[in-house]
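Work through the exercises below with the structure open beside you. Try each task before you read its solution.

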Amino acid sequence: MTVSIHPLKKYTRSHITRTTTCPGCGIGIVSQAILRAIDELEFNMDDFVFVSGIGCSAWIPSPLYNTDTLHTTHGRPIAFATGVKLGLPNKNVMVISGDGDLAAIGGNHLIHAARRNINLTVILLNNGIYGMTGGQTAPTTPRGLTTITSPYGTMEHNFDITPMVVTAGASYAARWTTYHPRQMTRSIKKAIQKKGFALIEAMSQCPVQYGRVSKLGKAVDMLKDFKVNSVKINKARNMEPEALLGKIVIGEFVDIEKAELSEECMNLRRKMMEAM
Amino acid sequence: MPKITIFRQACKGVDDCGICTFICPKQLFQASEEMNDAGYLPPEYKGERECTGCQNCMIYCPDFAIVVEKDIGDEAPDKGDENEQE
Amino acid sequence: MSRNKKVLTGTHFEMGNWACAEGAIAAGCNFVAGYPITPASEVANRLAARLPRVNGTFLQTEDEIGAICSAIGASWVGCKAMTVTSGPGISLMQENIGFAVATETPLVIIDVQRFGPSTGVPSVGLAADMVQVARGSHGDYQIIALSPESPQEMFDLTIRAFSLAEAYRVPVFLMADGFIGHMREQIVIPEEDRTKIKQRKIAEQSVSVLDRRDFLDVKVAPMPVFGLGLKAHVTSSCHDEHGMRNLSDPAVMHTYVMNPIKKIVNHRDDIVQVEDDCIDAEVALVSYGTVSRSARAAAGLARKNGLKVGTFRMLTCWPFPDKEIRQLAENVEYMLVLENNTGQMYPYIKAEAAHACRVSFLGPQTLGQIHDPEYILSHLNRR
């Protein structure tokens with residue numbers, strides 16, 4: 001028995017035959033992790049609407065995923081997705097975009113969507129750099145790294161996105177690297193099923209831009225770096241801040257239940273209509 | 001025995017990517033000598049005898065270019081969570 | 001009971017912003033996103049209270065960018081969506097106004113204009129955004145913008161804005177200002193069944209988007225609304241008629257820009273509305289919006305003084321009523337353009353009229369005040 005087609009291809013548009021990413025890019029690993037989560041939950045692609053912004057990772061669903069996909073302006077996918085979810089509360093609405101899109105230009109929408117606790121699944125791919133535009137520094141670039149727009153090393157501190165979103169009010173938040181695709185799929189499954197704002201921060205290798213400026217090297221070297229430098233959150237909680245410098249804390253940061261916006265809106269409408 | 005399929009045309013090459021060669025716990029992949037249409041050298045498989053069916057190569061391949069079918073009846077241990085150790 | 005009524009049929013004495021909110025509900029609007037801003041706030045305030053009672057949703061966003069984006073998102077799932085703001089908000093929305101144009105999204109944008117530039121004077125009305133709504137987003141495109149002169153028209157033209165947005169799959173602006181937004185006047189709301197609203201066409205099922213034409217049809221493509229299993233591919237990046245991104249084919253690039261423009265230009269006769277009261281007039285007072293009230297009063301005064309003065313009012317400012325202005329220019333000797341700004345529409349009007357008649361511009365005596373009819377008259381006497 002030999003397969004003639006990849007089993008996850010049933011979720012992708014048949015006329016899209018190649019992925020758009022550079023060789024070794026982590027985006028494809030995350031893309032697969034998402035589709036595998038949908039597959040394992042036995043969802044249909046029509047149960048989803050995907051919304052993405054601008055940047056390499058925004059091209060995960062657009063044009064690959066075979067369902068309704070909205071490819072939006074830079075930084076705004078969460079804002080668009082908020083309207084989609086409020087209008088279609090019974091669909092799963094997933095935002096897939098990068099750190100530049102969601103945490104820099106779109107940072108305000110990210111924290112406010114978490115505050116509202118609207119039932120969105122946000123997959124934020126964090127590669128620590130602007131890949132598509134040629135390797136500029138991002139709010140996630142580690143301090144001191146030399147990039148094309150920080151030729152003397154970044155002087156700024158970087159965002160710690162997942163804890164920020166937890167503080168803003170998310171119901172579920174987890175961080176994994178592309179070295180942990182199985183755990184990532186497990187978290188995506190929980191995020192999809194979570195009634196509330198759910199964030200998966202996927203640390204992802206960009207060998208072409210980040211690998212070059214960080215001198216980490218190729219995709220394989222970057223995966224090795226993820227392997228060596230990842231620290232499970234339970235372990236990290238008992239570590240001194242100095243010991244965590246340069247480490248990636250992985251795992252589930254929050255998993256709680258609380259009132260969710262799209263359902264609250266439905267309840268309000270029902271209550272008001274009944275009060276006629 | 002697990003069955004491996006490599007979609008050569010989808011692959012972006014062992015030289016440039018090579019994640020499969022790194023992630024296979026048995027190191028069963030190596031670059032082939034024949035280019036695909038895009039000019040990349042996809043991996044070839046050194047034989048399935050040692051394959052545990054862990055599917056690492058399939059799950060880590062960024063280009064949906066590898067499929068591992070676990071042989072039914074073959075109780076190969078799932079080594080997939082190898083990377084989850086503390 | 002009446003608080004849940006969809007259409008508040010009857011005669012009211014209310015603000016223009018109240019009328020706008022009621023016009024939206026009468027048009028079937030069921031999603032509004034907005035951010036507080038003077039002098040537009042009352043529209044959103046009222047809709048926040050009214051929408052849940054008529055099975056709709058109001059969302060107060062973190063900024064105006066979030067407001068227009070979530071309204072566009074809601075439109076794509078089949079809602080009749082609207083956002084409401086003033087000049088500074090329009091400035092923030094510009095990029096995504098272009099998104100709505102490029103993705104052919106039905107959307108109504110209420111602009112209760114205010115004194116600018118920048119933070120300016122929030123509570124003073126001024127026709128400050130006439131050009132920025134038509135030319136403010138980057139790239140070439142056409143827009144529809146309607147210009148009400150009264151609270152009643154804020155009701156009527158809001159409904160018309162929804163009809164045009166749905167019929168042509170475009171963003172449509174209602175260009176009110178702080179004066180009529182806050183002005184209280186009689187508003188007559190007709191019976192619910194008297195309000196005719198056009199509905200968007202919805203795309204039909206197909207195996208793949210390649211089997212459908214979802215975009216770039218000059219005759220308006222049926223919309224592949226989300227949630228129906230149509231597997232729509234929507235991007236504002238250059239795309240073909242199926243919605244698939246194409247960043248390399250010059251023929252596709254050309255169509256991507258030209259067809260949404262043609263969609264509006266080819267239907268301009270259906271869209272453009274003007275009020276022409278210049279039969280036998282030698283002088284035409286050309287205006288739109290709030291200033292039209294002064295123009296009408298000035299023309300009345302002028303006729304009493306034996307001057308042959310008429311008024312010409314643009315209810316539709318965009319697409320620009322070029323044909324109507326040309327026709328007018330051929331029938332009058334002098335055209336005086338009245339705008340409550342420093343002359344935003346004037347260059348467009350002059351370009352169409354100057355070959356046939358004398359044209360000049362008159363702003364208000366003091367910016368921030370509406371033209372005094374006597375002031376207009378004294379200008380006519382001086383000419």
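## Exercise 1: A sheet shared by two chains

In β10(A), the bridge partner of Tyr172(A) is Asp255(A). Start from this pair in the predicted model.

**Task.** Find how strand β7 of chain A and strand β10 of chain A pair, and over how many bridges. Then trace the sheet of 9 strands from edge to edge.

**Solution.**
- Step 1. Locate β7 (residues 172–177) and β10 (residues 248–255) of chain A. The two strands pair in the antiparallel sense, over 4 bridges.
- Step 2. Follow the sheet across. The order is β9(A)-β10(A)-β7(A)-β8(A)-β4(A)-β3(A)-β1(A)-β2(A)-β9(C). The sheet is open, and its pairing is mixed.
- Step 3. Check the ends. The edge strands are β9 (230–232) of chain A and β9 of chain C. Each of them pairs on one side only.
- Step 4. Add the twist. Neighbouring strands are turned by 20° against each other on average, direction ignored.
- Step 5. Look at the place where the chains meet in this sheet. β2(A) and β9 (residues 233–235) of chain C run parallel and are joined by 3 bridges. In β9(C), Thr235(C) is the bridge partner of His71(A).

## Exercise 2: Where chain A touches chain C

**Task.** How many residues does the contact take from chain A and from chain C? Which element gives the largest share of the side of chain A that touches chain C?

**Solution.**
- Step 1. Count by chain. Chain A gives 34 residues and chain C gives 41 residues.
- Step 2. List the elements on the side of chain A. Those that give two or more residues are β2 (68–71), α2 (77–87), α4 (107–116) and α10 (261–274).
- Step 3. Pick out the largest share. α2(A) supplies it, with 8 residues.
- Step 4. Sort the residues of this side of chain A by type. There are 14 nonpolar, 15 polar and 5 charged.

## Exercise 3: The small pattern of chain B

**Task.** What pattern does chain B follow along the sequence? Which of its elements give two or more residues to the side that touches chain A?

**Solution.**
- Step 1. Count the elements of chain B: 2 helices and 4 strands.
- Step 2. Read along the sequence. The pattern is β-α-β-β-α-β.
- Step 3. Turn to burial. Chain B has 86 residues, and 43% of them count as buried.
- Step 4. Consider contacts with a separation of 6 or more. In chain B, 67% of these come from residues 24 or more positions apart.
- Step 5. Move to the contact with chain A. It takes 23 residues from chain B and 29 residues from chain A.
- Step 6. Name the elements of chain B. They are β1 (3–6), α1 (19–23), α2 (56–60) and β4 (66–69).
- Step 7. Sort the residues of this side of chain B. They divide into 10 nonpolar, 5 polar and 8 charged.

## Exercise 4: Two domains in chain C

**Task.** Where do the two domains of chain C lie in the sequence? What kinds of residue make up the side of domain 1 that touches domain 2?

**Solution.**
- Step 1. Set the bounds. Domain 1 covers 2–194 and domain 2 covers 273–382.
- Step 2. Note the spacing. Taken over C-alpha atoms, the domain centres are separated by 26 Å.
- Step 3. Count the contact. It takes 22 residues from domain 1 and 20 residues from domain 2.
- Step 4. Find the elements of domain 1. β6 (144–146), β7 (171–177) and α7 (178–182) of chain C each give two or more residues. The largest share, 3 residues, comes from β6(C).
- Step 5. Sort this side of domain 1. It has 17 nonpolar, 3 polar and 2 charged residues.

## Exercise 5: From a sheet to the core

**Task.** In what order do the 5 strands of the open sheet of chain C lie? Which residues does Leu285(C) touch?

**Solution.**
- Step 1. Write the order: β10-β12-β11-β14-β15, with mixed pairing. The edges are β10 (274–277) and β15 (358–362). The twist averages 20° from one strand to the next.
- Step 2. Take one pair. β14 (residues 334–338) and β15 of chain C are parallel, over 5 bridges. Leu336(C) has Ser360(C) as its bridge partner in β15(C).
- Step 3. Move to Leu285(C). Leaving out residues up to four places away in sequence, its contacts include Leu336(C), Leu338(C) and Ile376(C). The others are Ala295(C), Ala298(C), Ala299(C), Val309(C), Thr311(C) and Phe312(C).
- Step 4. Place Leu285(C) in the largest nonpolar core, which has 228 residues. Leu285(C), Val84(A), Ile123(A), Val32(C) and Ile110(C) touch the most other members.
- Step 5. Find the main contributor. Helix α6 (residues 151–168) of chain C gives the most to this core, with 9 residues. Domain 1 and domain 2 of chain C each supply at least three residues.

Key. Residues numbered from 1 in each chain as written. Chains lettered and ligands numbered in written order. Predicted model: local features only at pLDDT ≥ 70, side-chain atom pairs only at ≥ 80, totals over all residues. Pairing = 2+ DSSP bridges. Axes fitted to C-alpha atoms, helices over the stretch in contact; angles between N-to-C directions. Contact = placed C-beta atoms within 7 Å. Nonpolar A, V, L, I, M, F, W, Y, C, P; charged D, E, K, R; others polar. Domains from an automatic or database assignment. Core = buried A, V, L, I, M, F, W, Y, C linked by C-beta atoms within 7 Å. Buried ≥ 20, exposed ≤ 12 C-beta atoms within 10 Å, placed from the backbone.
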